[in-house]
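Hi,

Here is the structure I promised to pass on. Have a look at it first, then read my notes underneath.

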Amino acid sequence: MQDNILTLGNRVLDEEQCNAVIALAVRQAFTEEEDEIEGGTSRFKVDHSEIEVYNIVPDEVGDADFEKIYSWVEDFLPDGECFEEPSHIQIICYPVDSYEFNTSQEEDTGLVLFNLSEGYHGGNLVVDSSIINDKVGDMLIVNNPSLRSVGVLPITAGEKWMLGVWFNENQNQDSDNYHHGDDDQPTEEKTDGPTFAKVVIK
């Protein structure tokens, strides 16, 4: 396992790109069948919350959107064994009063996150013991997400849109088939860059 890393990038996506990513999710109809949600390209609301997720995998339904988003962010994705091939992409909308904390799966090795919106209040991002004040277009790179504290604090006004590119060890193994205590409490730290917890349907 690699040592933990946390890399922040300021304004790597412009406003037009951020809006284009959001539009991909908004145009997608919500998926009604549970068996279509699990593991495939789908748009759904998380149980017991109003968080909206557009989960995109390179399958028959999601390949076009997956390719489009990947082409926009490919130049910013890191190298290394934790980031060999993306497994899926998520576009997430956090409405008022929503929040999320670590729900990464054990096989997740890395994630790259982008803040897509502005005009909301609250929603600071937590990684390990740092509280991060991210802005629209900012990027965050984190490895070993299933072993770290990663989350978004409650939204108090407006809504926050996030983009996440996920990597896991199963995808890395199949990469040839793909085209290309108190001390642990969060402390205020002025940094730039987003993060959120991956949403998993149980």
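Below is what turned up, starting with the inside of the protein. Keep in mind that this is a predicted model.

The largest nonpolar core has 29 residues, and those touching the most other members are Ile 69, Ile 91, Val 112, Phe 114, Leu 116 and Leu 163. Several helices and strands feed into this core with at least two residues each, including α3 (63–73), β4 (86–94), β6 (108–115) and β13 (160–168). Helix α1 gives the most, with five residues. There is also a second, separate core, made of 18 residues, with Ile 37, Ile 51, Val 127 and Trp 166 among them.

Try clicking on Leu 116. Which residues is Leu 116 in contact with, once you skip its neighbours within four places in sequence? You should find Leu 13, Cys 18, Val 21, Ile 22, Ile 91, Val 136, Trp 161, Met 162 and Leu 163.

Now go back one residue, to Asn 115 in strand β6. Is Asn 115 buried or exposed? Its relative accessibility is 0%, so Asn 115 counts as buried; the cut-off for that is under 20%. The side chain of Asn 115 makes a polar contact with the side chain of Asp 134, at 2.8 Å.

Last, the pockets. The second largest one holds about 190 Å³ of space. Its lining includes Met 1, Gln 2, Cys 82, Asp 108, Asn 144 and Glu 169. Sorted by class, that lining has four charged, four polar and three nonpolar residues.

Happy browsing!

Technical notes:
Residues numbered from 1 in each chain as written. Predicted model: local features only at pLDDT ≥ 70, side-chain atom pairs only at ≥ 80, totals over all residues. Heavy atoms only, no water. 1 Å grid on protein atoms, 1.4 Å probe; cavity = no way out; pocket = protein on both sides within 12 Å on 5 of 7 lines; lining within 4 Å. Points joined across faces, edges and corners; volume = space filled by probe spheres on them. Nonpolar A, V, L, I, M, F, W, Y, C, P; charged D, E, K, R; others polar. Core = buried A, V, L, I, M, F, W, Y, C linked by side-chain atoms within 4.5 Å. Buried < 20%, exposed > 50% of the residue type's maximum accessible area, 1.4 Å probe, protein only. Helix = DSSP H or I, 4+ residues; strand = E, 2+ residues; numbered from the N terminus. Contact = heavy atoms within 4.5 Å. Polar contact = N/O pair within 3.5 Å; in protein donor to acceptor, adjacent residues only side chain to side chain.
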